[in-house]
Amino acid sequence: MLRTVSCSTSLTSSSPFFPRSYSSTGALRGPGRNLRRISSPSSTGRRGLRVLSDAGRSLNRKLSRLSVRAVATQPAPSYPDVGKDEAEKLGFEKVSEEFISECKSKATLFKHKKTGCEVMSVSNEDENKVFGIVLRTPPKDSTGIPHILEHSVLCGSRKYPLKEPFVELLKGSLHTFLNAFTYPDRTCYPVASTNTKDFYNLVDVYLDAVFFPKCVDDVHTFQQEGWHYELNDPSEDISYKGVVFNEMKGVYSQPDNILGRIAQQANIPMLKFIPITLVINEDFHRKYYHPSNARIWFYGDDDPVQRLRILSEYLDMFEASPSRDGSKIVPQKLFSEPIRIVEKYPAGRDGDLKKKNMVYINWLLSEKPLDLETQLALGFLDHLMLGTPASPLRKLLLESGLGEALVSSGMSDELLQPQFSVGMKGVSEDNVQKVEELIMSTLKKLAEEGFDSDAVEASMNTIEFSLRENNTGSFPRGLSLMLQSIAKWIYDMDPFEPLKYTEPLKALKARIAEEGSKAVFSPLIEQFILNNSHRVTIEMQPDPEKASQEEAEEKSILEKVKAGMTEEDLAELARATEELRLKQETPDPPEALRCVPSLNLSDIPKEPTYVPTEVGDINGVKVLKHDLFTNDIVYAEVVFDMSSLKHELLPLVPLFCQSLVEMGTKDLTFVQLNQLIGRKTGGISVYPLTSSVSGKDEPCSKIIVRGKSMAGRAEDLFNLMNCLLQEVQFTDQQRFKQFQSSFLISMQNRLRGSGHGVAAARMDAMLNVAGWMSEQMGGLSYLEFLRTLEKKVNEDWEGISSSLEEIRRSLLARNGCIVNMTADGKSLTNIEKSVEKFLNLLPETPSGGLVTWDGRLPLRNEAIVIPTQVNYVGKAGNIYSTGYELDGSAYVISKHISTTWLWDRVRVSGGAYGGFCDFDSHSGVFSFLSYRDPNLLKTLDIYDGTGDFLRGLDVDQETLTKAIIGTIGDVDSYQLPDAKGYSSLMRHLLGVTDEERQRRREEILTTSLKDFKDFAEAIDVVRDKGVAVAVASAEDIDVANNARSNFFEVKKAL
């Protein structure tokens, strides 16, 4: 299991200029199978897609409109055209067409003549094709219908009448994205794939699901995905079950999410779970899931005519509907005066509760949509105020000592009306008013005095670099563009406008140059914030009784429900419960499964994707070079060995990394250094990486310094890397206290929101050395360390400063260093002198000798207690201990376990938001995990039954082929150039050769039923000798320990 934690100089705020970690209320209801990056609370880079969020926090997603475009440097290329007559023949009229230079695409807006459905067809050279259908779905009440319907429509349709065709696509397609999102006012169904045949298969399944779902006639689907009463026996207690129900219970176990919900409650109806009838859902679907109310998006290198052919087959079946007019979003009128709200949130009893308040100020900026130049200026202003650690509003709040960390802050412009929010958590009762006053006085000061010219230059470079780089990570570029476009289009505005930033950005830069930044930004602060009466201030107070009170209220409601039932009613409920369970656990018949379109093995490349890699050296240091087109950007990683680091210094490493990028030097304050990095580069980050290595006892343990810049500024990049590594002084006690406080808050949030990750890290730490190292830097042990560190910072700062210097001396050296670079060949050649100069400045060898890493946590079942309404349940064991030798079939089998056995039993039947497994082939650790799970021991029993499930498995060749293809889709995940170079570096560090990759691929492609049966013996070790870790409520842990005498050793975390 590869683990990294990251500290970065290029922290982006919620500015609309930056690529995001897009969140959603996703149909892929789980945190993702692959836990190869367990982020620490220090992670400031946005490092990939997170598919989990909730409808209640949609306002805080802040999806970018202007974040991910490459600057065109050549004439418009020629792309296939759809003639007017051709479009007419297929039932469409061509409304408008433009070449969008910012994304090097020809975009055509069509309108389906019969229904009025609008279609945006974007053609370019991107092989990662994207389709999306978006519907306006404004909620009229608080039943949560849009969210539940978003889940339910993917549970079978007219052409695909099986339980969950969505899951069949997860199992057996080459998708690069497959999900669904619920916003407060719209629902999105996007897919993506690089394989054209696979892409059109995905499109067809999604179109049929959206327009012809089975759920409108099937109450069982709404019970499963929404909620239902569950009663196994009339003598037992009734309970609530349902996927969305437990999803939202998990969401609102997190204080930040409760805060987000309260912040938007004046505008967005709250999600409440009250009885939902089939009639209500059917009516909602008929009204809003209609082509007249839909916007459809296509993007990529496929045939634009074929796109219209596919759509016409569906759209021609419908007549025009008034649903488009009935779904229009009405703007919220601005308040005439500010309002203030005080609420409670569930908190643990640890620490001083009087210091755990939260305060949040939120402005609705305008009644009308803003023009693009104003949006750009506000996004720029947002970055200036909050976008980096050196930004004045952010800096002053954190340095004030009035709170421990910021809450989700910045500009949000994904809905009809933009918002700006800022606040703090970890605030003492006495300081709540002071935080509010500091926010307002700082904003007033910024309006009066303006911004430092270096800060403006740094922000402009950062923004322009981001636009040129067009880096959306694992998120498809076409989907990012769709979400930008839809943010205007869904409100009947121009869908092209959000994609065209060049001219407005030029105009903004010209204004700044001509009038000065103060003349541009000060009026914005005054108009939209200081003089804006639509201000909502929220104070959140900790309540250690609230979680238990809510549980008691739920129990009381259910007791009243049962008391009001006759014996016949109870018997009927028990029968209905069993009927639903039987339906959930009964496999689809083979003929139903065969109706879902899929690829053949002949469609799959027989060889893996190879990254061009030249291995050389400079001054005895190994250098890896990857010649790839990167749009004139250089990506560089410098890797240092941690094998000389003392054990007791390990928990300080994340704070060491943070100190490197957020403290100053002898000649530069941290603000000046941060601005210099912003002006000269695209950002620099520093983080530790640990992993087991196949066949070795010693783990791979490294510190990675990662940066990027334009090729012409590569010398600046390496000079600044050297400055951070060798010149930064560990003398700023107050800043270090901020880091410690912020990390502590983030770790506590991680326990509540990503308890499965904490459980996985804890189990890994019991089973291998690399896991122990990682857990010391990002798990429960790290949380405990941060708590003790607070006192030490005050009492022995000199000792801590000395330890940070010792870490530096033990890491920085040419000996054991590796440099990895990704750029075009010419740039790689040109930057060699800069690399040589950088390496010559490093010490030859680290201080201290080699250290043997052999730490592990004791093997035991642990229950980590937090205030929560849902659980995170894990169990793991090392299958290599049985003598099992790695075979590529293990990847196919583990994926099949996740998408069948665990999906059906943990999620569908058990009601958890997610259930999955992960196999770390480097260490041999096989892990089971659940997410937002109402159960505990029941889930562990399901894990223990996996071996028997495999032994009893009888799959036909079609099912096996589907599992193989889905696994290849995971292995061949789509990557941008920087990710290709980085993945090549990871393979080098872990000793994974191209020959091994080819061998594993051949093993995947030839996986047989016998491999499944044989794997059952290996996986039994998890049942027989594995360790279980649960992050759960005290009540659920007590019930478990009473049912199985002292099964868990209990650790109170919050």
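A charge sits over a ring if NZ of Lys or CZ of Arg is within 6 Å of the ring centre and within 35 degrees of the ring normal. In this predicted model, two arginines are worth a look on that score. Here they are side by side:

| Charged residue | Ring | Distance to ring centre |
|---|---|---|
| Arg186 | Tyr183 | 4.2 Å |
| Arg158 | Phe212 | 4.2 Å |

Rings also meet other rings here, with 38 aromatic pairs in the count. Take Tyr229 and Tyr240: the ring centres are 5.8 Å apart and the planes sit at 25 degrees, so this pair is stacked, given that planes under 30 degrees apart count as stacked. Tyr229 belongs to strand 10 (residues 228-230) and Tyr240 to strand 11 (residues 239-241), so the pair ties together parts 11 residues apart in sequence. As for solvent, Tyr229 is partly exposed, with a relative accessible area of 25%, while Tyr240 counts as buried at 14%. Further along the chain there's an aromatic cluster made of Tyr880, Tyr884, Tyr891, Phe919, Phe926, Phe928, Tyr943 and Phe1015.

Now for the inside. In soluble globular proteins, nonpolar side chains tend to be buried together. The largest nonpolar core in this model has 93 residues, and Phe640, Leu655 and Phe736 have the most contacts inside it. Helix 23 (residues 714-727) supplies the largest share of that core, with 8 residues. A second, separate core has 73 residues, among them Leu90, Met248, Val305 and Leu311.

Zoom in on Leu655 and, leaving aside neighbours within four places in sequence, you'll find contacts with Phe736, Phe739, Gln740, Phe743, Tyr782, Phe785, Leu786 and Leu789.

On the annotation side, an unreviewed UniProt entry places the feature "domain: Peptidase M16C associated" at residues 540-789. Over residues 540-789, the chain is 52% helix and 18% strand, with the end C-alpha atoms 27 Å apart.

Then there's helix 28 (residues 797-811). Its 15 residues reach 21 Å from the first C-alpha to the last, close to the 21 Å expected at 1.5 Å a residue. Which residues of helix 28 are buried? They are Trp797, Ile800, Ser801, Ser803, Leu804, Ile807, Arg808, Ser810 and Leu811. The buried residues of helix 28 pack against two strands and several helices: strand 21 (633-641), strand 23 (700-710), helix 21 (653-662), helix 23, helix 24 (733-753) and helix 27 (780-795). Helix 23, one of these partners, is the helix with the largest share of the 93-residue core.

Methods: Residues are numbered from 1 along each chain as its sequence is written. This is a predicted model: local features need pLDDT of at least 70, side-chain atom pairs count only at pLDDT 80 or more; totals for chains, interfaces and linings use all residues. Side-chain values use heavy atoms; hydrogens and water are left out. A nonpolar core is a set of buried Ala, Val, Leu, Ile, Met, Phe, Trp, Tyr and Cys residues joined through side-chain atoms within 4.5 Å. Buried means under 20% relative accessible area, exposed over 50%, partly exposed in between (1.4 Å probe, protein chains only). Helices (H or I, at least four residues) and strands (E, at least two) are DSSP runs, numbered from the N terminus. Contact means heavy atoms within 4.5 Å. UniProt positions are given in the numbering used here, feature names are shortened, and annotations may be inferred rather than shown by experiment. Rings of Phe, Tyr and Trp (its six-membered ring) pair if their centres lie within 6.5 Å; planes under 30 degrees apart count as stacked, over 60 as edge-to-face and the rest as tilted. The expected span of a helix is 1.5 Å times one less than its number of residues.
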